[in-house]
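Work through the exercises below with the sequence and the structure open. Try each task before you read its solution.

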Amino acid sequence: MNKVVIDGHHLTIQDVVNVARNGYYVELSDEAKLRVEKARALVDKFVQEERVEYGITTGFGKFADVVISKEDTKRLQRNLIVSHACAVGDEFDTEIVRAIMLLRANALSKGHSGVRLSTLQTLIDMLNKGVHPVIYEKGSLGASGDLAPLSHMVLVMIGEGEAYYQGERLSGEEALKRAGIEKVELVEKEGLALINGTQVMTAIGALAVYDAINLAKASDIIASMTVEALRGITDAYYHRVHEVRPQIGQLKCARNLLRILEGSSLTTRQGELRVQDAYTLRCIPQIHGASKDAIEYVKRVIEIEINSATDNPLIFEDEMRVISGGNFHGQPVALAMDFLGIAVSELANVSERRIERLVNYQLNDLPAFLTKKGGLNSGFMIAQYSAASLVSENKVLAHPASVDSIPSSANQEDHVSMGTTAARKARSIIYNVSRVLGIEYLAAAQAIDFRGDFKLGRGTEVAYKLIRKEIEHLDEDRVMYIDINKASRLVDSGTLVKEVEDKIGEIE
């Protein structure tokens, strides 16, 4: 059985993908179980002593100074969940919901949250048995964590809300019943522990980073096909050019291009056809490389966050202390997600300009709009329009969310991160980029077809054969969105990258 063992410390982005998209089984480590039980014992001790501790025997937010009687503490936790379930908008995709559940379980397994082991196990059981809460996209400020959307997850745990089970949308109670899972009656600290964290923004972010890494690699492959189609000059990718400006991503991209293009008869050398190429060809390492560096930074932030305790208060059992802090504040993720959106947008910006160079007969020696019978046929004319539209939309989406803040809870929570908004925007940008790259992939293959007798590079040959296996050369106009969707799926599914890497080795 494919499984992921969680302990709060060693979860990887690949693990998140495997659980969210590939249905891996989740198991709690023995060490994590022990930590969870020790932290819970301390909460129980403080409850018995009737100590005043935030979120255990007090209200929340601005109500932190309101002491709750021992008799009302369970009701307090339930009221927290039902009152905070205020998310609106579209539902998150199942893969995001599964990632959210996994990350929350992993955070709780660190043993700093004070939940009962049985409550944590219920969340894991829901994940393993496919009880997926209906969670809406909008309503989080990103501090105190992702309160509203996470509350929708917990609603199902207590037998309320709604969930999908075996393809059917059901009440939370019915979904649990059919899966053979007992609903939870929350006790002291548990409601707050389950919803006060950054797991929604981080779940979106983890999958977005994974997809962005794939798109960065695909960009190098597709750009290489365009270089061939336009008889590009490879001298600009020579290692010494990049060693005198040793930006890491730039160096990686230049190496990638030369490996992908190795053996091509279509590429040229400096001075053979022209002295130099336009920036969108000549500066591919500098442009793609900068995005690679940004994505790598975001990856490091997410790797830390998926193994962090981000609720409040935190339980430090070894010191017998409960401390109110601010780990729920999503600022690290918010900034990283804004950065990711900007970085990935640039992959589409330069791709669309390469598409223009492919379709514009004034910029190349190819048939106008890559069609033999121009006028009767429009060829790739409007495909470029679509790419331009997506790029322009990305410019709006790339406006940073993290520079905004709005006070909440009567100014007790007077600075928030908007991290979930930033993550959602980055995910939307990634979708748009995959479609722009799909269009370039189509256009580059079409242009290569007009080159006659040629030998493609080691990597581009694989990419060309892959797309031609799925999509025929465009002789006469046909419904284009079908081709665009097919090409884009080869890109965003990872198929293109995998096929090329199988031939030339890992792309950096």
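## Exercise 1: A pair in helix 19

Lysine 498 is exposed, with 51% relative accessible area. The model is predicted.

**Task.** Find the salt-bridge partner of lysine 498 and say how the two are placed in helix 19.

*Solution.*
1. The partner is aspartate 502, with the closest N and O atoms 3.0 Å apart.
2. The two residues are four apart in helix 19, so about one helical turn separates them.
3. Aspartate 502 has a relative accessibility of 56%. The cut-off for exposed is over 50%, so aspartate 502 counts as exposed.
4. Elsewhere, salt bridges with shared partners join Arg21, Asp93, Glu95, Asp211 and Arg427 into one network.

## Exercise 2: Two more salt bridges

**Task.** How many salt bridges does a search of the whole structure find? Then describe the bridge of glutamate 174 and the bridge of lysine 217.

*Solution.*
1. The search of the whole structure finds 38 salt bridges.
2. Side chains of opposite charge can pair when their charged atoms come close.
3. Glutamate 174 pairs with arginine 178, and their closest N and O atoms are 2.9 Å apart.
4. Both residues belong to helix 7, four residues apart, so the separation is about one helical turn.
5. Glutamate 174 is partly exposed at 28% relative accessibility. Arginine 178 is partly exposed too, at 41%.
6. Lysine 217 meets glutamate 501 in a salt bridge of 3.0 Å, N to O.
7. Lysine 217 is in helix 9 (residues 199-229) and glutamate 501 is in helix 19 (residues 495-504), so this pair ties together parts 284 residues apart in sequence.
8. Lysine 217 counts as buried, with 13% relative accessibility.

## Exercise 3: The largest cavity

**Task.** What is the volume of the largest cavity, and which residues line it?

*Solution.*
1. Rolling a probe the size of a water molecule over the atoms shows where empty space is left.
2. Across the whole structure, one cavity of 30 Å³ or more is found.
3. The largest cavity holds about 50 Å³ of space.
4. Its lining consists of Phe380, Leu442, Gln446, Arg468, Ile471, Glu472, Leu474, Arg478, Met480 and Asp483.
5. Helix 16 and helix 18 (480-492) are the elements that give two or more residues to this lining.
6. Sorted by class, the lining has five nonpolar, one polar and four charged residues.

## Exercise 4: Around glutamine 446

**Task.** Is glutamine 446 buried or exposed, and which residues beyond its sequence neighbours does it contact?

*Solution.*
1. Start with the element: glutamine 446 lies in helix 16 (residues 419-449).
2. Its relative accessible area is 1%. Buried means under 20%, so glutamine 446 is buried.
3. Set aside the neighbours within four places in sequence. Glutamine 446 then contacts Leu370, Phe380, Arg468, His473 and Leu474.
4. Compare with the cavity lining: Gln446, Phe380, Arg468 and Leu474 are among the residues there.

## Exercise 5: Unusual backbone angles

**Task.** Where do lysine 189 and leucine 370 sit, and what is the phi of lysine 189 and of leucine 370? Then describe the peptide bonds from alanine 143 to serine 144 and from asparagine 312 to proline 313.

*Solution.*
1. Most residues other than glycine have a negative phi, and most peptide bonds are trans.
2. Lysine 189 is not a glycine, yet its phi is positive, about 80°. Its place is the loop between helix 7 (172-179) and helix 8 (190-195). Lysine 189 is buried at 0% relative accessibility.
3. Leucine 370 has a positive phi near 60°. It is found in the loop between helix 14 (331-359) and helix 15 (381-397). Leucine 370 is buried, at 0% relative accessibility.
4. Alanine 143 and serine 144 are joined by a cis peptide bond, with omega about 5°. Serine 144 is in the loop between strand 5 (136-138) and helix 6 (147-157).
5. The bond from asparagine 312 to proline 313 is cis, with omega near 0°. Proline 313 is in the loop between helix 13 (284-305) and strand 8 (314-316).

## Exercise 6: Cysteine 253

**Task.** How many disulfides are there, and why is cysteine 253 in none?

*Solution.*
1. A disulfide needs two cysteine sulfur atoms within 2.5 Å.
2. The count by this rule is zero.
3. For cysteine 253, the nearest cysteine sulfur belongs to cysteine 283 and is 11 Å away, so the cut-off of 2.5 Å is not met.
4. Cysteine 253 is buried, with 0% relative accessible area.

Technical notes: Residues are numbered from 1 along each chain as its sequence is written. This is a predicted model: local features need pLDDT of at least 70, side-chain atom pairs count only at pLDDT 80 or more; totals for chains, interfaces and linings use all residues. Side-chain values use heavy atoms; hydrogens and water are left out. Buried means under 20% relative accessible area, exposed over 50%, partly exposed in between (1.4 Å probe, protein chains only). Contact means heavy atoms within 4.5 Å. On a 1 Å grid over the protein atoms alone, a cavity is a set of points where a 1.4 Å probe fits but cannot get out, and a pocket is an open set with protein on both sides within 12 Å along at least five of seven lines; lining residues have an atom within 4 Å of a point. Grid points are joined across faces, edges and corners, and a volume is the space filled by probe spheres set on the points. Ala, Val, Leu, Ile, Met, Phe, Trp, Tyr, Cys and Pro count as nonpolar, Asp, Glu, Lys and Arg as charged, and the others, Gly among them, as polar. A salt bridge is a side-chain nitrogen of Lys or Arg within 4 Å of a carboxyl oxygen of Asp or Glu.
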